Every structure is written in C-alpha cells, then in structure tokens.
Amino acid sequence: MLQTIGVASLDELINQTVPASIRLTKPLAVGQPRGEHETLVELRQIAGQNQVWRSLMGMGYHATITPAVIRRNILENPGWYTQYTPYQAEISQGRLEALLNFQTMISDLTGLPLANASLLDEGTAAAEAMAMCRAITGRREGVFLVSGDCHPQTIAVVRTRAESMGISVRVGDVEAMVKGGENAEENGALNGKPFGVLLQYPTTRGGLVDYGAVIERVHEAGGLVVMAADLLALTLVKSPGEWGADIAVGSAQRFGVPMGFGGPHAAFMATKSEYVRKMPGRLVGVSKDAAGNAALRLAVQTREQHIRRDKATSNICTAQVLLAIMAGMYAVYHGPVGLRRIATRVALLTATLAEGLRGLGHGLSDGPVFDTLHVRLGEGYCVDAIIAAAGGQRINLRDMGDGGLCVSLDERSTSDEVEQLLAIFATRHNDATSASATSRDREGADDQPHATSPNQSPNPLPDGRDSLAGLLGVHARQTPYLTHPVFNSHHSETRMLRYIKRLESRDLSLCQSMISLGSCTMKLNGSSEMLPITWPEFAELHPFAPVEQTRGYAQLIGQLESWLAEITGFAATSLQPNAGSQGEYAGLMAIRAYHHSRGDTGRDVCLIPVSAHGTNPASAVIAGFNVVAVACDAQGNIDVADLSDKAAKHADKLAAIMLTYPSTHGVFEEAVRDVCRIVHQHGGQVYMDGANMNAQVGLCKPGTHKGDGIGADVCHLNLHKTFCIPHGGGGPGVGPICVAAHLVPFLPSTTMAGTTEQGGSMPLNISAAPYGSASILPIPWVYIRLMGAAGLTRATEVAILNANYIAARLDGHYPTLYRGKRGRVAHECIIDCRAFEGSAGIRVEDIAKRLMDYGFHAPTMSWPVPGTLMIEPTESESQDELDRFCEALIAIRHEIRDIEEGRADRDDNALKHAPHTALVIGGDKWEHAYGREQAAFPAEHLRQYKFWPAVGRIDNAYGDRNLVCTCEPLTLD
C-alpha cells in the first residue's frame with residue numbers, strides 16, 4: 001500500500017498529510033491497550049455498581065418487555081445495527097419497510113394521517129413541534145402555551161429551545177390561559193392569541209383530561225394544538241386526532257425498548273397531511289421502481305430540513321431508526337389485540353391499586369387514569385416514611401414535592417406488585433394486609449404477560465365496572481387501529497423470525513461489504529463493544545433513579561468524559577446531546593450563553609464556510625444566530641482573506657465560526673490556526689464540527705487544554721462515527737460536546753429535569769434525559785479501553801493510509817478533486833465524475849446505482865460538490881476489501897469508456913439500467929444491448945457471493961407526486 005502511494009513509511013505519509021504546526025508532541029493519556037476479556041471483566045465490575053430497582057416513577061419512562069425474538073434478531077444483530085441511512089433505497093428496502101410499519105403504527109394510534117420515521121426523544125419532539133407551529137401559523141411574535149401537567153423534562157427542553165429562537169413560552173393552567181377576555185394577558189395568553197399549545201395526555205400526574213374546550217378555543221384563536229401522548233395508553237383511549245389535535249408527539253420507548261438510563265428511544269411525531277413540508281425529520285414513502293413494482297424510499301428526501309441550511313426550521317438530521325424498528329416490530333409481534341391486552345392489564349392493575357389506596361385513606365385525583373396515580377397521603381402518613389418503605393422493597397416512587405407521590409405501573413407489573421405497593425402505602429396503618437389481599441382477589445390478573453401469546457383475552461374488570469369504557473369514560477377509544485395485515489400475521493416466533501430475516505436480507509450492511517461514505521465513518525462496530533448494551537445493569541435503569549443506584553453509570557460516564565476531553569484537548573465534556581445535530585446546537589448554545597454572561601447580547605453573527613455540513617447553518621439559526629457565509633478558495637480551503645474581511649465587518653456582532661476539520665473536502669487545511677486567531681481577535685468563539693475527528697485522534701487536538709492544539713473553544717463529536725457506536729440504519733447517535741475552561745459553566749444541565757438554575761441563568765437542557773442516550777455509552781467506553789493511546793493513534797494513521805491508497809489506486813481513472821499542500825488527502829477523498837455526463841451521458845447517480853451490482857453501497861454522492869463521490873474507507877477495512885472496491889470503480893470507468901468510444905449504447909447500457917434485480921436477470925425477456933452476465937456478474941468475486949438489490953431503480957419524483965406514507969396501499973407481507 002505504501003509503495004502504491006509513493007512513500008517509504010506510514011510516518012512519512014502522516015508527515016506529508018498533517019501540518020507540522022498542529023501535530024501533538026506527546027501521546028494521549030488514555031491508558032494502554034487491553035484485551036477484550038480483560039476489558040469486559042472491568043466493565044462488569046463497573047456495571048455491578050448500578051442497582052436495578054423497580055422504577056415506578058413514570059415521567060414517560062417505563063419498564064417494558066423486549067420480546068426475545070426482537071432483541072436477538074434486531075438489537076443484537078449486526079445485519080440491522082450496521083446499516084447506513086437509507087439514502088440508497090434500492091438496497092435498503094428491509095429497513096424502509098420496517099420504518100413504514102412504524103409510521104403506520106404511529107399514524108393509526110395517534111389518529112393523524114402523517115407520521116415521520118422517528119425523532120430523538122419526547123422533549124426534542126415537543127420542541128420541534130413548537131417550532132413547527134410557529135412556521136405553519138407564521139406568527140413570529142406569538143406565544144406558545146405549555147401545560148404545567150407536561151413532563152418536567154419536556155418543559156425544560158422546550159424552554160431552552162424557545163429562549164434561543166425568541167419564542168415566548170408560558171407554562172401553567174392552559175384552560176385559564178386560553179379563556180381570553182379582559183384577564184387573558186395576566187393569564188399568559190396575550191389576549192387569547194397563542195400560536196400553539198402543548199398538552200400532555202395522560203398528564204405527568206396520570207390524569208386523563210378532557211381537552212375538548214381548550215382545543216376548540218386555541219383553534220378559534222388561530223393557534224395549533226400539540227398533544228404529547230403515551231403510545232400504550234392510545235390503544236385504549238381516544239386519540240389526539242379524535243380530540244382535534246394538529247400534531248402528536250411522544251416516545252415509543254415502552255414498545256419493547258429498554259429504559260437504558262434515558263435512551264436511546266424513538267420519539268414520534270404525527271400531523272395532518274397538509275403540514276408535510278413543515279414536518280422535521282425523515283419520512284418513508286411508497287414509489288415504484290423501473291419495472292413498475294412498488295418500492296419504498298425516503299419521501300421528499302431532498303427537502304430534508306438541514307438541506308435548507310439557514311432557512312431551515314429544524315436541524316434534525318439523524319433519527320432513532322434502530323429503536324423505531326424495534327418499536328414497530330413490537331407492534332407487529334403483538335398486534336392490535338395483544339397491545340390492547342397489555343394496556344388493559346396495566347389499566348386494570350392501576351384501577352385495583354387506586355381502589356386499595358382509597359381504602360387505606362389516601363386521596364387520589366378525580367377522573368379516569370391509565371397507569372399513573374397521584375397519591376395525596378392520608379392523615380398519619382408521610383412521604384419520607386413511604387419512600388423508605390419502598391426503598392426497603394427496592395422500588396422507586398416519584399416524590400412530587402407537594403406532599404404527594406406518583407406511582408406508575410407498566411407492562412411488568414403484576415397483582416403481587418400491587419399487593420406489595422399497598423403494603424408500602426399502608427406503612428403505619430393497621431389494615432394493610434387485608435386491603436392488599438382484597439385488592440389482589442379483585443384484580444385476578446396473571447402474574448406475567450406471555451410474550452409468545454399476545455392475543456389472549458384481557459382480565460376481568462374490578463367489581464362494579466361493566467366495561468373498560470366505564471373505567472375510562474369519555475376517553476375510551478372507539479376507533480380501530482393496526483388493521484393492516486402486517487400487524488395481524490406474525491404472532492408466533494416462527495413467523496416473526498422469518499419476517500425479520502426476510503427484511504434483513506433486503507438490506508446491505510457492513511456484514512456484506514464496506515460502506516465507504518465520506519464524512520459518515522462507517523467503521524467496524526466490534527462485537528465486544530456491543531455486548532454490554534443489553535446487560536440489565538445498563539439497560540433497566542430509569543434516567544431519574546437516585547444517584548446511589550447509578551454509581552456504575554457515574555463511573556463510566558466520568559471516565560468517558562475525561563477520555564474524550566483528553567483526546568480533543570478540552571477541559572470538560574457533556575454527553576447529553578443524543579445526536580450530532582444536537583451536539584452542534586449544544587455547543588452553539590454554550591457559546592451564546594457565554595457571550596450573554598459577559599453582557600455581549602448583541603453578538604449574534606455566526607460565520608460558516610460554504611462547504612460546511614447543512615446542519616451547521618440550521619443549528620446556528622435555532623441557537624439564535626444570524627448566518628454569514630464564508631467563501632472557499634479553488635483548493636476547497638477556507639478563503640482566509642474573505643474570512644478576515646467578514647470578521648472585521650461584523651466585529652461588534654461576531655459570536656462564532658463553525659468549521660469542520662479536516663475540511664469537508666477531505667484536506668488538512670494549513671491555515672486552521674490562522675482562522676482561529678482571526679475569529680478570536682474579533683471577539684468570536686471557534687466551534688469545530690467533529691464529524692471528521694477520525695482523522696485527528698492521537699495526531700492533533702481541536703482544543704489547547706494542557707498542551708498542544710489547534711485553538712478551538714468547543715467541539716462536538718459523533719460517537720456513532722469516530723467512536724464506534726453503530727449507525728443503526730440512521731440512528732442512534734451520540735453527539736457530546738467538549739469545551740474549553742471558560743465554557744464549562746455553560747454545559748447542559750445534568751440535574752433532574754433541568755429544574756436547578758445555575759448562576760442565576762436558565763440551565764441548558766438539550767435532551768430529555770440528563771445523559772442523553774446513556775445505554776449505548778458502554779460502546780465507546782469499550783472501544784477506547786481496548787485501543788488505548790497507541791491503538792487510537794494507529795487507527796487514525798491507518799484511516800489516512802487507506803484513503804490515500806484509494807486515491808492512488810483510482811488515479812488515472814477518476815481525478816481526486818482536492819488535495820493538501822503536499823498532494824495528500826486526509827481520511828477521505830473526493831473523486832470527480834462530472835465530466836462523464838458530457839462524454840457518455842453518465843451521471844454520478846448512474847455510478848452509484850451500478851456499484852450495487854458489484855455488491856457495494858455508494859460513497860457519499862454529490863456532496864459537498866455536485867457530481868462527485870466522497871469516499872471514506874475507515875481503518876476497519878483490509879487491503880483485500882479496498883482492492884475489491886477500487887476494482888469495481890475501475891471496471892465501471894471501463895464501462896463508461898465503452899460508451900465514450902461507441903462500444904456501448906449511450907442510452908441502453910448497464911449503468912443507465914442499474915441496479916439489476918434477480919427478477920430482471922432471471923426473467924423471460926431480455927431486450928438490452930448488453931448481456932445478462934455483464935449486468936449481474938461484472939466481477940469474478942460475485943460468482944462466489946452476490947448481494948441482490950431488492951428492487952430496480954426507484955422513481956423518486958413519482959413517489960413525491962403520489963405521496964403515500966403508510967402501509968395501507970400495499971400488502972407488504
């Protein structure tokens with residue numbers, strides 16, 4: 001490989017690639033490499049410090065039962081967790097179908113016709129809905145009302161987002177706030193004209209509130225209604241759509257996804273069809289392929305919010321695809337009857353508990369409930385005594401801070417647990433035994449729901465109830481849901497297993513071949529890294545469990561934060577952001593808060609190079625900044641002269657610059673320190689997008705804490721890129737931020753629900769859980785522990801080696817668009833395909849689709865430069881795989897040359913009709929000028945193993961004109 005590149009050693013290559021001015025002079029202080037067994041033994045000891053109690057605290061987080069067939073064959077299966085975002089839909093049909101199932105499930109249960117393919121968490125979804133309401137109504141100066149009965153962490157996230165976007169938020173009794181009249185303004189509604197309102201259903205205290213009058217008044221005032229709903233409750237209660245809500249949000253966590261100390265969990269959003277262009281996130285829709293067969297793809301995908309850059313209303317890029325697939329499969333496995341049975345059982349147990357609590361003299365809120373009770377303790381009881389009694393039984397209850405307690409039941413609750421709870425609430429009361437025994441007799445439920453028999457009849461109602469409708473009153477659901485055959489066909493493990501495997505076979509993942517997407521870093525997700533995420537000590541903790549129960553997490557998080565700070569050269573780290581886009585937002589919010597703390601409230605200009613990721617300007621806008629673009633020179637580097645001019649022009653208002661290093665063009669820019677110096681001289685802060693950190697670890701550092709560094713003030717990392725958390729088909733991700741010492745006070749809050757103010761300013765709440773997607777943090781912890789300082793550095797060097805090897809092998813076939821000062825690329829390279837459209841009528845999309853016939857996923861297509869392919873091989877791939885990939889691209893170049901020189905038809909050729917499916921190759925008719933063998937087996941290795949695209953080339957324009965985003969028009973089974 002070195003000989004092909006033209007260097008004598010790896011050190012020589014690195015010296016030619018990374019500017020000497022930023023190279024580290026000492027190794028990273030993250031320890032020595034360790035073996036897999038030794039590392040897992042250490043992690044087991046750390047996990048053992050966590051205490052897995054029964055957490056009945058609610059707040060949108062509930063224990064659930066993950067069916068073994070789903071856990072084993074999706075969550076623990078690299079065929080599902082190593083997939084990339086389904087931008088190449090022809091080789092992504094399996095997960096697209098699974099996501100269409102998820103969308104259909106959400107649409108059916110919420111009663112709204114359009115749902116997206118997941119968001120990051122419930123708090124973020126509510127904040128996105130707020131921004132969506134303002135965009136739809138066009139009311140820039142209006143107020144957004146939030147019910148005080150929403151979950152506190154949701155309120156905290158909404159407040160943070162509103163503050164940066166200049167939205168006035170009022171929290172309180174929404175019924176009073178929307179009444180209007182002469183007292184409307186003091187009630188908070190600004191003369192009864194809110195542009196939107198957020199309601200919780202059921203409330204955080206468990207009540208099922210009749211919101212009919214509130215919704216009617218908001219609509220009369222021209223506003224929109226957002227309802228944060230519980231998905232399991234919606235199997236029994238009236239849907240948000242039936243209430244008249246415009247948008248529904250929530251979490252799919254309790255559909256088989258472990259609590260995991262807060263995440264990752266798939267949030268959902270559903271809305272009316274007319275708002276499709278305003279809805280954030282991704283949307284799966286139905287189109288057709290070249291043969292006219294139904295095919296799935298991301299609908300209106302070029303409309304994704306972040307592509308709109310500074311015009312975007314959302315910066316959402318990734319989603320929670322793997323978790324959405326799990327939740328959707330949970331619904332497929334249980335079906336509507338099974339889901340209703342689970343929910344009915346929870347409701348009956350809750351009603352039985354309520355009856356027993358009243359018998360003990362405790363007060364409960366009037367009106368129907370689903371799974372949560374707000375208990376006002378009777379005379380002679382005290383909160384501390386009952387919490388202590390619960391603690392003796394290893395049960396967590398929620399202290400409401402008002403002299404009452406909340407208790408939330410879930411899928412794992414049993415009649416024995418109800419008896420146990422009544423005994424706890426009977427502390428210092430003489431008739432505890434008789435009350436609990438009586439309640440158990442009335443309930444009559446089996447002790448555990450049977451995962452493989454989801455459709456058994458529900459348990460009988462408590463005495464005095466004629467029906468479930470009698471228990472729920474006006475809230476009882478009357479409309480059907482999940483009527484499509486896919487939700488009514490797979491209730492045995494045999495059928496479920498085969499369905500999962502059938503979908504898996506339609507998707508290309510790292511199990512089949514390298515996925516060389518530039519800036520996306522699709523690297524190995526080692527098995528030893530993945531093992532711990534399903535350990536109960538990590539998977540079963542509530543995010544707001546008492547600190548004495550989470551000491552293992554505290555140690556793991558503390559070590560990981562320290563290692564990441566050392567690797568990046570910063571003073572501190574926050575792991576709260578649960579995606580790269582949220583890391584961008586968090587870093588910019590920290591910069592904003594820093595300027596405001598110094599009285600520089602006028603600093604609102606953010607400089608962003610034109611080559612930046614699209615999420616950069618979108619994040620800057622929602623963080624409250626005005627974007628000013630900075631030009632790039634002919635070599636793709638930041639134009640330092642243009643930067644200097646604009647920094648000087650906006651000196652009084654300059655807040656920050658966002659830069660990616662190495663650059664988005666795959667080059668280590670020599671002037672990066674000059675860029676930092678110029679921005680600092682004019683009062684700004686330097687934000688570094690860490691998407692390309694895989695080229696820096698061990699060689700250079702963004703920050704300067706305790707030694708050498710580039711000079712940035714904040715950097716976000718994509719743990720799902722550089723640090724091995726798998727992409728999972730488009731999420732989960734973790735996007736922590738590392739900051740310099742002066743920004744440490746402005747890191748996101750880790751207090752419960754962000755309710756504790758620091759320094760007199762509102763705390764920063766980026767995600768709903770204090771540590772975001774905590775349950776997947778063991779993955780980067782294991783990665784760093786295994787690699788140590790030497791391994792991390794060597795991985796970076798090999799990533800640079802592999803990228804330069806590909807550039808050298810393709811030289812003479814495809815020009816490399818950008819190179820560094822000494823002719824080298826960083827960890828990725830951009831090859832130029834633009835000339836082929838004129839010479840052969842071949843577009844870059846034709847090359848991308850033809851690569852599927854060779855068994856490869858295309859590199860990043862037409863970004864950051866239209867008509868190019870950006871290739872990032874990572875350090876995980878062997879020379880054999882790199883050669884196989886290069887030979888495929890070289891063979892495609894020969895096919896293009898055949899067109900150029902007249903040996904192949906300009907219109908009827910293997911590239912124009914790629915990809916070729918097995919049905920096309922094996923069909924009765926073949927009317928092309930080229931042969932079947934050339935179409936299907938253009939390389940010799942394909943005769944040993946061939947991955948077949950599930951569908952032919954998809955017509956995206958057709959799908960966008962005929963937008964269908966649920967299962968109903970198709971029989972996908």
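This section describes one helix, α8, and the second largest pocket of a predicted model.

Helix α8 covers residues 152-165, 14 residues in total. Its span from first C-alpha to last is 20 Å. That is close to the 20 Å expected at 1.5 Å a residue. Burial was examined next, with buried meaning under 20% relative accessible area. By this cut-off, 11 of the 14 residues of α8 are buried, so the helix is largely enclosed by the rest of the structure. The buried set begins with Q153, T154, I155, A156, V157 and V158. T160, R161, A162, S164 and M165 complete the set.

Helices and strands both take part in this enclosure. The buried residues of α8 pack against three helices: α7 (122-137), α22 (580-597) and α23 (615-622). They also pack against the strands β3 (143-147), β4 (168-172) and β5 (196-201). After α8 comes G166, with a positive phi near 70 degrees.

The second largest pocket has a volume of about 540 Å³. Its lining consists of 30 residues. Nearest the pocket centre lie P543, F544, A545, P546 and V547. Several elements supply at least two lining residues each: α14 (383-392), β13 (395-396), β14 (398-399) and α21 (551-568). Of these, α21 gives the most, with 6 residues. By residue class, the lining of this pocket divides into 18 nonpolar, 7 polar and 5 charged residues.

Terms used
Residues numbered from 1 in each chain as written. Predicted model: local features only at pLDDT ≥ 70, side-chain atom pairs only at ≥ 80, totals over all residues. Heavy atoms only, no water. Helix = DSSP H or I, 4+ residues; strand = E, 2+ residues; numbered from the N terminus. Expected span 1.5 Å × (residues − 1). Buried < 20%, exposed > 50% of the residue type's maximum accessible area, 1.4 Å probe, protein only. Contact = heavy atoms within 4.5 Å. 1 Å grid on protein atoms, 1.4 Å probe; cavity = no way out; pocket = protein on both sides within 12 Å on 5 of 7 lines; lining within 4 Å. Points joined across faces, edges and corners; volume = space filled by probe spheres on them. Nonpolar A, V, L, I, M, F, W, Y, C, P; charged D, E, K, R; others polar.
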